[in-house]
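Trainee: Before we discuss this model, could we have the sequence and the structure in front of us?

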Amino acid sequence: MNDKVYRILLFAVALIMPIVCGGVVYALVTDAYDAFQHFGFFKFLTSSEWSYTEGAEQYGALPFITGTLMTTLLALVFCIPFSLPVALFVGEYFKGTKIAAVLSTVTDLLAGIPSIIYGLWGFYTLRPLIMALNISPQGSGILTASLVLAIMIVPYASSLSAEFIKMVPNDLKEGAYSLGATRAEVIRKVVFPVAGSGIFSSYILAIGRALGETMTVTMLIGNTNNIPDSITSTGNSMASIIANQFGEADDLKLSSLIAIGLILFLITAFINLIGKIMIKRARIA
Amino acid sequence: MESVTPILEFNKTCVSYTKQTMAVKYVSAAIDRNSITAIMGPSGCGKSTLLRAVNLMHNLYPNIRVDGEILLNGENILSMEPIDVRRRVGMVFQRPAPFPTMSIYDNVLSGYALNGVRLSKTEKDETVEHCLKSVALWDEVKDVLNKKGTFLSGGQQQRLCIARALAMKPDILLMDEPTSALDPIATAHIEELMQELQKEVTILIVTHNMGQAMRISSKSMFMYLGELVEYGDTATMFSNPSDERTKAYLTGKMG
Amino acid sequence: MNKLKIRNRLAKDKALLWVVCLLAAFTAVPLFAILGEVFLRGYDQLSFSFFTEPTPTAYKAMKAIEAGEPIPGGIANGIVGTMLMLGMAAVAAIPIGILCGAFLAENSKNRFAQTVSYLTDLLQGTPSVIIGIVVYIWVVVPMKGYSAIAGSVALFIMMLPLIIRSTEETLKILPASLKEAGLALGGNRARVMLKVQLPAAFGGIFTGVLLAISRVIGETAPLMFTALGCSFIRFAIDKPISAVPLLIWEFFNDPNLQELIWGASLFLLLFVLTLNITAKYLAKKWNQ
């Protein structure tokens, strides 16, 4: 095979990526079109109605957008107090030691557990606990889903943050120590500011993960089609309403679910793009 | 003449990275106040290791052991709190590394910020101006104090790092090959600066550059394989070294 | 005063260390909690027949529960479905992914390659449930039915970016001298890639493939809209088919079958974690 044929072959194979991604967007847009046309794009986004009474069907995405944002942000809040210590443990305090390797392996394995198994654990262990603690009567809801979601994104946030914390030059840290700083002060005043944008971007990517997480949320969020009024109430996320209702949907409802899928796709794509750009910048700096 | 306590005294100081090997072996020497003392020797002779021991930098790495005594104004620093010692012993490293997230102004004051010491605005302004003036950087940066220190040239960055160390009003300033990453002009600047600074602070400098040692220091140490081979007046050592190894090094037959 | 302040700062320093250690250690708790629960509740279901028999009907299960007997049957239909779909997906995703990765490694500067690189990130970040919807539109609707093919297309799309990335990254960290030496000996670029670079990158690529498999094997949502599920063992690729995670979902939703959840989950979990650990171990070994 000469060089020219080889280059053309590689190029031809690489064409699969634009084809697949174009196909994804095309399929979503064409099949979501009905719903957007019927309800109006803006109305669909802002309507909180989800009723399938024959002849007077009303579908709006607002409850699910709200549910997704609530679970994601809450998961982020729960995730930070654990992922940041893990990142400091692995990337600073015990950098390069065996115990750090053990902890990274543990978080790697956490990342490997299928989401349906997280869902089961949340349902059979965490949900009864939440009921027993009288936090919410039915046990499932935004809070329960977010807690498990937080565990699921800890590995993503911590491994990337640790990478950036490790990259903080030793020169800077020694410089700070030489001025009489304690380790805590070095971490707060040198490590965090220097690794800050990298750490921030790792949380953006973790958010990207949490947004689309499906099975865990479906099993734990309680599956009600209302706008959740508190963190203990039930609801649905964009992914969970699709998982729940796609199988038996047709016509307008199917199109509405696909429209929700399109919105979810756009949001995650946007978040991931921002995250990747920020990471690239943080790596260069 | 009455005897004064030397500002810094090594007393059988040893540093070991592993149980078997000692990087610095039983060094004993007293450093004169308000002078510049150079530590010379071939690479790996333990000169940087000895210098870092004075700032208790080795405490950061659990495997490194420091034995013997290092007396600062007569007090053994090895049994003192590292963060306390490091405030009184400034250090300038080989590669200039101003804090990239801080402005020039904040870099000078970084020691206070790191140690959680609050200064009034006037105190801050005075410290910054005084320190930048003593490193001859004030005129060059006084209009860009709020810019990041990383935009400065290498020589300017190193002077900023010296200012940062001086801001803490240390008793002694350690310099670990401070000009090895700089060009000749910046090096000359820094050497000139050190001559001025010794009025305020005692300087202990590790250098690879024999010319530099000769130009700036009043006393010199020559280390070889972790031992202090010779310590005395720089001029005497260069003209008439008492040890064969010193002679070999100074005439370029070693290292 | 000064002494007091120093003591205060040192106390804070120590406190941070303890908080970090404590919280970091606490992060390991869910892993062991999950492993423990799945293992304790699932291990007594694992028997030979659990792997060789298909899922019982809800009626049969109900009878068995009434009679106080263990539920008969197993997850063989799911295992067969998972293997079949995974096999088909891998057969396509491995060569295509490796070639795409090679393309990216060879053309990192050109504009088209940068686009492909961005799209790979895009696809990798796309929620799997959306892949399910898209494959439903692409495959299930035109074929007028759920099928193993549709399921494997979904798995293929999810594996592809993972394999592309690991191939690209492994090829990029190979020393440039390797490629240059190959070219200097008169090999053309295709031959150098095939005979020198890819073999040298084998470890990294293999690890990447293992991780890609372990990542998609537990995927449930996309299979719900594509493979659907099937209660008996079948090898047809144009008919609905089951998969282990689909079975777990079924058991979860059917009160009569709930006892089977844990055996199936234990099997899935062990499979995924073994793949993960193997991949990590091999990566470490090949790096040395």
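Mentor: Let us begin with a definition: two residues are in contact if their C-beta atoms, placed from the backbone, lie within 7 Å. Please keep in mind throughout that this is a predicted model.

Trainee: Among contacts in chain C between residues at least 6 apart in sequence, what percentage join residues at least 24 apart?

Mentor: The count leaves out pairs fewer than 6 places apart in chain C, and asks how many of the remaining contacts join residues at least 24 apart. For chain C, that share comes to 74%.

Trainee: Is chain C a compact globule, or is it more spread out than one?

Mentor: The secondary structure of chain C comes to twelve helices and zero strands. The globule rule gives 19 Å for 288 residues, whereas the radius of gyration of chain C is 24 Å, well over that value. Along the principal axes, the C-alpha atoms of chain C fill a box of roughly 75 × 70 × 35 Å. Chain C is therefore, set against a compact globule, more spread out.

Trainee: How far apart are the end C-alpha atoms of helix H12 of chain C, and why is that distance expected?

Mentor: Helix H12 of chain C covers residues 261-287, and buried residues in H12(C) include Trp262(C), Phe267(C) and Asn276(C). Because its 27 residues should span 39 Å at 1.5 Å a residue, the expected span agrees with the distance between the end C-alpha atoms, which is 39 Å.

Trainee: Which residues have the most contacts inside the largest nonpolar core?

Mentor: The largest nonpolar core has 268 residues, and helix H7 (residues 142-166) of chain A gives the most to this core, with 17 residues. Not counting residues up to four places away in sequence, Met159(C) touches Ala89(C), Ala90(C), Ala93(C), Gly97(C), Ala212(C) and Val216(C). The residues with the most contacts inside the core are Ile153(A) and Met159(C).

Trainee: Which helix supplies the largest share of the side of chain A that touches chain C?

Mentor: That contact takes 63 residues from chain A and 65 residues from chain C. By class, the side of chain A that touches chain C has 44 nonpolar, 14 polar and five charged residues. Its largest share, ten residues, comes from helix H2 (residues 16-39) of chain A.

Trainee: And from which helix does the largest share of the side of chain A that touches chain B come?

Mentor: Here the contact takes 17 residues from chain A and 21 residues from chain B. Helix H8 (170-178) and helix H9 (183-212) of chain A each supply at least two residues of that side of chain A. The largest share, seven residues, comes from H8(A).

Methods. Residues are numbered from 1 along each chain as its sequence is written. Chains are lettered from A and ligands numbered from 1 in the order in which they are written. This is a predicted model: local features need pLDDT of at least 70, side-chain atom pairs count only at pLDDT 80 or more; totals for chains, interfaces and linings use all residues. Helices (H or I, at least four residues) and strands (E, at least two) are DSSP runs, numbered from the N terminus. The expected span of a helix is 1.5 Å times one less than its number of residues. A residue is buried if 20 or more other C-beta atoms lie within 10 Å of its own, exposed if 12 or fewer, and partly exposed in between; C-beta atoms are placed from the backbone. The radius of gyration is taken over C-alpha atoms; the globule rule is 2.2 Å times the number of residues to the power 0.38. Ala, Val, Leu, Ile, Met, Phe, Trp, Tyr, Cys and Pro count as nonpolar, Asp, Glu, Lys and Arg as charged, and the others, Gly among them, as polar. A nonpolar core is a set of buried Ala, Val, Leu, Ile, Met, Phe, Trp, Tyr and Cys residues joined through C-beta atoms within 7 Å.
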